[in-house]
Amino acid sequence: MTKHLITEKRFGAFFTTQFLGAFNDNLLKFAVTLAVTFNDSLRGTYSPGLLVNLIAALFILPFFLFSATSGQLADKYDKTQVMRMAKYLEPPIVILTTLGFVLNSVYILMAALFLLGTQAAFFGPAKYAYLPEQMQARELVLANALVETATFVAILLGTIAGGALMSHSSASFAVYAVCGFAFCVALAGVWSSRQMPLTPSAQADLKVNWNFLTETWHNIRFARNLTQVWPYLLGISWLWFVGATYLTQFPLLTKVVLNASPGVATFLLFLFTAGLGLGAFLCERWSHKRIEMGLVPWGLLMMALGGFALHQALIDHQPAARQVDLVQFFLDPVHLEMCFLFLVISVGVGLYSVPLYTAMQAYAPRISRSRVVSANNIVNAMFMVVSAIMSVGILWLTRGKVLWVFAAVTLFNLVILIAWCRRNSYLLLRARLLLRVRARQLQLVQGMEDPPPQGGCLLVFPTLLHTDYLARMSSVSMPFAVVLSGRLKSSRFVEWLRKKEFVFEFSKLSEDASQRQLIQRIAKQIQAGQSIAIDKPMFELLRKQYKLDELPLVLARKGVRMTVLEFFEEKTKMDGMNRVVLRLREESPPF
């Protein structure tokens with residue numbers, strides 16, 4: 001399927017445009033970062049720590065200022081046209097960057113990076129809203145994995161190119177090589193953007209509010225009211241807090257802690273971005289083309305454990321008396337351990353990111369999807385600016401000891417993991433199901449390509465046996481509790497399921513008292529806006545004995561929406577294995 005997507009213009013041209021844009025952003029940003037870190041005459045009296053974090057803040061600030069406006073434009077107009085207009089700004093920005101290098105002006109370079117961030121801020125909302133419009137539901141996870149991986153590879157290649165060109169012995173050659181190459185890439189990006197198919201307007205009658213300050217506030221408030229989407233936005237924003245902190249501090253870590261050459265900083269960026277790409281592809285594989293939120297806590301756990309081990313390695317590290325180059329760096333086993341830990345952390349970031357992006361796109365309302373993405377970009381920018389402020393503050397308090405910046409991020413990762421799992425039991429359930437349900441036990445679900453309806457749902461499965469209820473729960477990517485006939489064999493996991501009310505067990509369902517308790521439980525779950533699953537025999541029994549058909553009407557009078565999702569089962573052979581397919585009936589039962 002990967003080759004199929006890449007070769008189609010609806011994805012291939014977009015993929016190329018996104019890749020070239022991310023490449024250029026990181027080529028220019030890293031080139032300027034290296035210049036202000038290692039070129040004393042360029043930075044003047046400013047410290048490298050201050051300028052490195054100022055570069056990060058100036059590049060991110062436009063996302064906070066202009067994302068709300070760009071989200072409106074992407075919803076009102078053709079998303080492809082909005083992306084093309086953003087790409088047209090890239091060649092002039094490269095020319096301004098060239099001028100900053102030629103005049104040895106740190107101020108012009110900072111202005112160019114601000115404009116580069118502005119161009120990216122107008123490209124972003126249309127980019128993420130474009131994918132759900134052009135991709136089928138079953139393609140969306142793979143498309144996001146490819147885009148995330150391409151972004152990380154572009155970061156990798158851009159930073160390698162920037163580092164390699166800036167390390168040339170001739171300063172003038174480095175400037176012309178970086179900027180000349182960036183200009184060619186910008187022109188290629190303009191060309192590829194013109195190959196993307198047009199995307200119809202989502203809301204042509206939308207009135208654009210050009211006051212970016214008031215619209216930014218309205219945009220965030222609008223996204224906060226989307227209770228299903230808002231947690232994903234916050235999760236994505238934390239991803240950018242972590243990523244921005246690590247990527248921004250690599251040059252400083254290389255110079256101050258490792259006493260290594262700029263080539264080592266480039267390699268660490270390569271390692272981090274390669275791990276991100278690997279994590280994104282593992283996510284696509286382990287999610288089985290579903291929105292699998294269970295990967296989020298595992299990604300956070302990898303980030304936290306890898307971070308603690310890395311902190312210990314950094315705090316025990318004794319830098320060489322003289323600066324080491326890349327070859328000498330690899331001769332030290334401690335450095336190899338650090339590289340492995342950076343890889344573990346970045347794979348965790350990749351596992352964490354793809355489910356959140358896919359869920360945000362899938363569950364955002366179609367007519368306002370670009371504004372949801374722009375709200376995401378605004379919150380991302382806020383988190384990244386806070387990341388830069390935190391880094392500057394820690395560096396000031398510790399007198400430049402960058403390892404404590406990494407330590408702070410690691411501690412925050414652990415706190416967020418614990419808080420998220422305590423507040424969201426469903427997330428922890430999905431994470432545990434990944435270990436308990438094998439891939440061959442998963443059942444293919446067809447007919448649920450669209451997000452589940454709002455309100456509580458009654459899911460009706462052909463069977464809910466003690467041997468298959470976990471496979472049912474793992475296969476359907478929406479939170480629900482199951483009703484089982486009889487008691488499960490007790491275990492710590494089963495006790496946890498009972499405590500969190502993911503499982504309700506009813507014995508003697510042939511008796512009226514148990515049947516009344518069951519219908520009351522269903523009504524209680526639906527009124528709380530939660531979903532519950534029963535098997536077909538229970539469903540038919542309650543329809544016959546207790547007029548379950550009338551429950552949706554009764555609840556509707558109370559302003560409660562109830563949707564029935566009935567599945568039927570068939571078996572097929574796929575990939576050499578017998579697989580169960582759950583098909584959602586096109587028409588709900590006559591309620």
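Glu495 and Arg498 sit three residues apart in helix 20 (residues 492-499), about one turn of the helix. This is a predicted model, and that pair is a good place to start looking around it.

**Salt bridges**

Side chains of opposite charge can pair when their charged atoms come close. Glu495 and Arg498 do just that, with their closest N and O atoms 2.6 Å apart. Glu495 is partly exposed, at a relative accessible area of 39%, whereas Arg498 is buried, at 15%. Arg498 has another partner too: it forms a salt bridge with Glu505, where the closest N and O atoms are 2.8 Å apart. Glu505 is buried, as is Arg498. Add Arg487 and you have a network of salt bridges linking Arg487, Glu495, Arg498 and Glu505.

Elsewhere, Arg472 pairs with Asp468 through a salt bridge, and both of these residues are buried. The count for the structure comes to ten salt bridges; here are some of them, including the Arg472 pair.

| Salt bridge | Closest N and O atoms |
|---|---|
| Glu495 and Arg498 | 2.6 Å |
| Arg498 and Glu505 | 2.8 Å |
| Arg472 and Asp468 | 3.6 Å |

**Helix 15**

Now for helix 15, which covers residues 333-363. With 31 residues, helix 15 runs 46 Å from its first C-alpha to its last, close to the 45 Å expected at 1.5 Å a residue. Of those 31 residues, 25 are buried, so helix 15 is largely enclosed by the rest of the structure. At the start of helix 15, Asp332 brings a side-chain oxygen to within 3.0 Å of the backbone nitrogen of Val334.

**Cysteines**

How many disulfides does the structure hold? Zero. A disulfide is a covalent bond between the sulfur atoms of two cysteines. Take Cys179: the closest cysteine sulfur belongs to Cys184 and is 11 Å away, so it is too far for a bond. Looking from the other end, Cys184 has Cys179 as the closest cysteine sulfur, again at 11 Å and too far for a bond. As for their surroundings, Cys179 counts as buried at 3% relative accessibility, while Cys184 counts as partly exposed at 47%.

**A nonpolar patch**

Finally, the surface. Tyr46, Leu50, Tyr107 and Val392 make a nonpolar surface patch of about 380 Å². Tyr46 is found in the loop between helix 3 (40-43) and helix 4 (48-76). At 33% relative accessibility, Tyr46 counts as partly exposed.

Note on methods:
Residues numbered from 1 in each chain as written. Predicted model: local features only at pLDDT ≥ 70, side-chain atom pairs only at ≥ 80, totals over all residues. Heavy atoms only, no water. Patch = residues over 30% accessible without salt bridge, like charges linked within 9 Å, V, L, I, M, F, W, Y side chains within 5 Å. Areas by Shrake-Rupley, 256 points an atom, 1.4 Å probe, with all protein chains shown as cover. Salt bridge = Lys/Arg side-chain N within 4 Å of Asp/Glu carboxyl O. Helix = DSSP H or I, 4+ residues; strand = E, 2+ residues; numbered from the N terminus. Buried < 20%, exposed > 50% of the residue type's maximum accessible area, 1.4 Å probe, protein only. Disulfide = S-S within 2.5 Å. Expected span 1.5 Å × (residues − 1). Polar contact = N/O pair within 3.5 Å; in protein donor to acceptor, adjacent residues only side chain to side chain.
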